[in-house]
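Reader: Hello! I would like a close look at one part of this model, and then a walk outward from there into the rest of the chain.

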Amino acid sequence: MEKRLTVILFTLCSVLLLAQTPKQEFRAAYITTAWSIDWPYQLTVTTPGNATQIAAQKAKLTALLDRAKQGNMNAVLFQVRSFCDAMYNSAYEPWSRALTGTQGVNPGYDPLAFAITEAHKRGLELHAWINPYRVANITPNRSSYIQNSWILTHTENDSQYFLDPGNPNVQAYVLKVIKDILTKYDIDGIAFDDYFYNQMPKSEQVTNETVMTSANNPNNLSLGDWRRENITSFVKSVYQSIASSGKPWVRFGIAPPGIWSATPHRVYPEDRSSYLNIQPVYGVSGYFSYDDVYFDGVTCLYRGILDYISPQIYRPSLSTSPAYSASTNYNNLCTWWGSIAKRFGRHVFTSHDVVNNDGGRFNPPADIQNQIDVNRKNSCTGSVFYNSRYFFNMYSHNSYFANSSEGYHTNLSQNKYASKALPPAMTWKNATTQSAPTNVVVSSTTISWSHSASNMRFSVYVYPKGTDATAALENSSYLVGYTYTKSMDISSYSSKANSNYTWAVRPFDRYGNEYVAGFWNNSVTPDPPAPVTGTVEFVKQWSKTQSASGYLVTGNLQRSMAVYEDYLYIPQQNTAATFDVINGTNGTRVATRTVGTVSGAWNMNNVAISADGQILFGSTKTGSNTLFLTKSDRTSGGMETIPEIDITGFGRSDYFALYADYHTASGGYLVAASNAGGKALRIPITNGTFGTPSIITCSTLPAGSSALVVPEGTANFYAMNATNIPALYRFSDGTKIAEFGTVRPSIASASGFNVFTFKGRKFMVTAANAFGSVEVFEITEGLANATKVGEATPNLGSTANGTATVPICSEVKNNYVMVYIMAPNNGIVAYKLTIATTDIQDMTINHYKIISQHQGIRIETDKKVSVQIYSINGMLLYNTFVNGSMEYALPKGLFLVAVDGEVQKTIVY
């Protein structure tokens, strides 16, 4: 009887979970500009710069975006390159003929820039939809970069002229076009559709198709495999280009035909050293991705070079719908794609057909609703609807809706999309943990807040006061939406802008991760997360000797470095004022930037970066009463000289640090310690302007070269120099308030330390000598109770380090911390700090038990707890609450289970 009751409860809870609207789900529509299908739709700018016609085109586009917002969508895919032309100011290709009627004519404004701004205003991601190979048969105004020998032709219409994917020059050219878009525009994603080797003869090459030789076919692949590998290698190039662009959050996806193949195929890793046998959906018929366009999305997912796949499953799901097939239907294909993406740890956002009255196509609203249910049951985490004209019933084109203001967007917002949703998180990409917003203020029309991060989005919630905050923040019905700014118009929620409701704001980064909330009118202040238990591991990721690095120089010219969003910034003491940008994941140089000529080399002695991304260089000079600072741009260089700051009475300071923001109203601080000892400096910064310096007398702060500081919030700071280990001081009066006890760092004859908090635990990394060796201490319980969790690491070299400094910096991620150490004249090294939790097998922890069983797990608890179950690669599988017991069906393998924030590993057998 007990077993039957468990099954009934499990079934009931599963049904309830499936019925709930997901809080993170991709909801988008294609805005087709090819042939002006969706936009600008029969409206051209006949006279370049014509203000009236430009305004009319813009109005049509904002009408589309308004309907997307109305329908609780969260993204649009805007077609910016249809035929090797451009809906933007391209450095390589002509303006699209859809804008003016004539290819190559500038309309007088930039549609992509306008679309991004307007989409972001409405809480919509904008993905640049690109056709990488399709080129129109318009030779007079074609891009001058494209050579006729690059073009494949096999039928005489605009849809069947293609750049040769096997031509290395083509791949290099299209990659330049994509990099141009990435560099210029604040896009959220890049999307390809299904135009690759479309309908090419399967047994022979066509005119101009690259001849297969040993030079470009080293594995002696068949014609079909060679074509597929050309596409796959280009997809990898695009993925790598995004990763190194400075915008790694840009989401990359492809929408191939909805059927992979009708026969099994082997899927290979890049080195083809092994393979997987992939079984298809048997009995299907139609247009195949693998066989007809030569795109193998399964291989791309297997190799991890796509963030999502959006198969065009333009088939019905209901037997009552037109053209339903018992084998080739939406249900079978979606189930298959969902299992594939789940297997390889990526997203599936299926493409749905809503084109009305076109050759008996199948788009009844009831079928689309059912397709969304099928998605939610099969790990397909979103939908993209083709196309906008019909989805939003623009221009009254959809016969399913009699009223021109109604469409799928109004239909779905009454049922499947009744609550808003956030785009899903790309958990496989590295992200930096964010703190809670502060100063949350609510009026009848606006909510605003403060936060230190730049380039951050925020999700907003409102719920009845007294509601459990943890539960409320996981409930889509309380989600108001998300924004790219630090405020939101809430006039439509004015009835809830009062003391009966709590408002919450969470950082929602560009990768789709949410973080701890800041509150207005919260009934309970949430406790900080409990420290995660487990063993600290400190493992080297890469290192570079001075000679091998290509950017470390001889002499004492490099004394400082800073890290921001996976990139290291290393200046050199010289009047040419240069700094190197280093990829933090592998230690290679990305670029050398020029700040601008400075009056003295010491102006480039120190580098620091604020929480909101402002980079500063500077120091004082011997015998000077002035702090010299230069403001620059991390990504482009350039110099903005800051007026010299008078610090008379402070003395010389080679190094400074930044706390919190630079550009915001909440601002932050510049802090430093005097080499002469006995003094600290704090200068407030608000909205990019420095305030009046405060010199704090710290009688116990020792004198010595290379004095370093690390701020500890707004009240305290750590300080050290080359002959004294770090101690904690108070800003208000300079009193030393804490120092190491019996467990303490080595006196290194070189200053260098870094402090960070990770998973509720605080750590300090200190230089063990002048040659790059460091020690790791946990100081969660204060300096006096420090424990050593990392013994001295190996030296980076043995050359004299005359700087008396070992620069150390760190960046905290979701599941690890990257720590970087540079020993001048010796080298540079990166370590990863993690906390290894204990494997769980039928083990009771606190108030709950996780029980591994055949094809699933069981959770038993004596109170209500939140539960999240993740695959080992981080994909969220379940997110719910348990009060008593619950069983979850899972395949054999290793999973991560978070119970009230405590993360444990468990094995399903």
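With which residue does glutamate 93 form a salt bridge, and how far apart are the closest N and O atoms?

Author: Happy to take you there. This is a predicted model, and in it the partner of glutamate 93 is arginine 81, with 2.7 Å between the closest N and O atoms. Glutamate 93 sits in the loop between strand 2 (75-81) and helix 3 (97-100), while arginine 81 belongs to strand 2, so the salt bridge ties together parts that are twelve residues apart in sequence. Both ends of the pair are hidden from the surface. Glutamate 93 has a relative accessibility of 6% and counts as buried; arginine 81, at 0%, counts as buried too.

A second pair invites a look alongside this one. Glutamate 125 and arginine 251 meet through their side chains in a salt bridge, with 4.0 Å from N to O. Here the link spans distant parts of the chain: glutamate 125 is in strand 3 (residues 125-130) and arginine 251 is in strand 7 (residues 251-254), 126 residues apart. Glutamate 125 is buried, its relative accessible area being 1%, and arginine 251 is buried with a relative accessibility of 1%.

For a contrast in setting, turn to lysine 788, which forms a salt bridge with glutamate 791 at 3.8 Å between the closest N and O atoms. Lysine 788 is partly exposed, at 31% relative accessibility, whereas glutamate 791 reaches 59% and counts as exposed. Elsewhere, Lys23, Glu474, Arg506 and Glu514 are joined into one network by salt bridges that share partners. The count of salt bridges comes to 34.

Arginine 506 leads us on to a sheet. Strand 18 covers residues 501-508 and pairs with strand 15 (residues 457-464) in the antiparallel sense, over eight bridges. Within that pairing, phenylalanine 458 has proline 507 in strand 18 as its bridge partner. The two strands belong to an open sheet of four strands in the order 16-15-18-19, with antiparallel pairing. Its edges are strand 16 (479-483) and strand 19 (518-520), each of which pairs on one side only. On average, neighbouring strands in this sheet are turned by 20 degrees against each other, direction ignored.

Another open sheet of four strands follows the order 21-22-23-24, again with antiparallel pairing. Strand 21 (562-564) and strand 24 (589-594) are its edges; each has a single partner strand, so one side of each is left without a neighbour in the sheet. The average turn between neighbouring strands here is 25 degrees, direction ignored. Strand 23 (residues 578-583) runs antiparallel to strand 24, and five bridges join them. In that pairing, aspartate 580 stands opposite threonine 592 of strand 24.

Now for the nonpolar interior. The largest nonpolar core has 130 residues, and the members that touch the most others are Leu163, Ile187, Ile190, Phe192, Phe252 and Phe295. Phenylalanine 192 makes a good viewpoint: leaving aside neighbours within four places in sequence, its contacts include Ile130, Ile178, Phe234, Val238 and Phe252. Pro132, Gly253, Ile254 and Ala255 are also among the contacts of phenylalanine 192. A second, separate core has 25 residues, including Ala748, Val819, Ile821 and Val829.

One more stop takes us back towards the start of our walk. Alanine 68 has its place in helix 2 (residues 51-70) and, at 0% relative accessibility, counts as buried. Beyond neighbours within four places in sequence, alanine 68 is in contact with Met73, Val76, Leu124 and Phe392. Val76 is within the span of strand 2 (75-81), the strand that holds arginine 81. Alanine 68 and glycine 123 are 55 residues apart in sequence, and their C-alpha atoms are 9.8 Å apart in space.

Finally, a word on confidence, since you will be working with these coordinates. The chain has a mean pLDDT of 89, with 93% of its residues at 70 or more. Residues 1-19 have pLDDT below 50, and beyond near neighbours in sequence this stretch has twelve contacts in the model. Over residues 839-845 the pLDDT also stays under 50, and there the model has 19 contacts beyond four places in sequence.

Technical notes. Residues numbered from 1 in each chain as written. Predicted model: local features only at pLDDT ≥ 70, side-chain atom pairs only at ≥ 80, totals over all residues. Heavy atoms only, no water. pLDDT = per-residue confidence, 0-100. Contact = heavy atoms within 4.5 Å. Buried < 20%, exposed > 50% of the residue type's maximum accessible area, 1.4 Å probe, protein only. Pairing = 2+ DSSP bridges. Axes fitted to C-alpha atoms, helices over the stretch in contact; angles between N-to-C directions. Core = buried A, V, L, I, M, F, W, Y, C linked by side-chain atoms within 4.5 Å.
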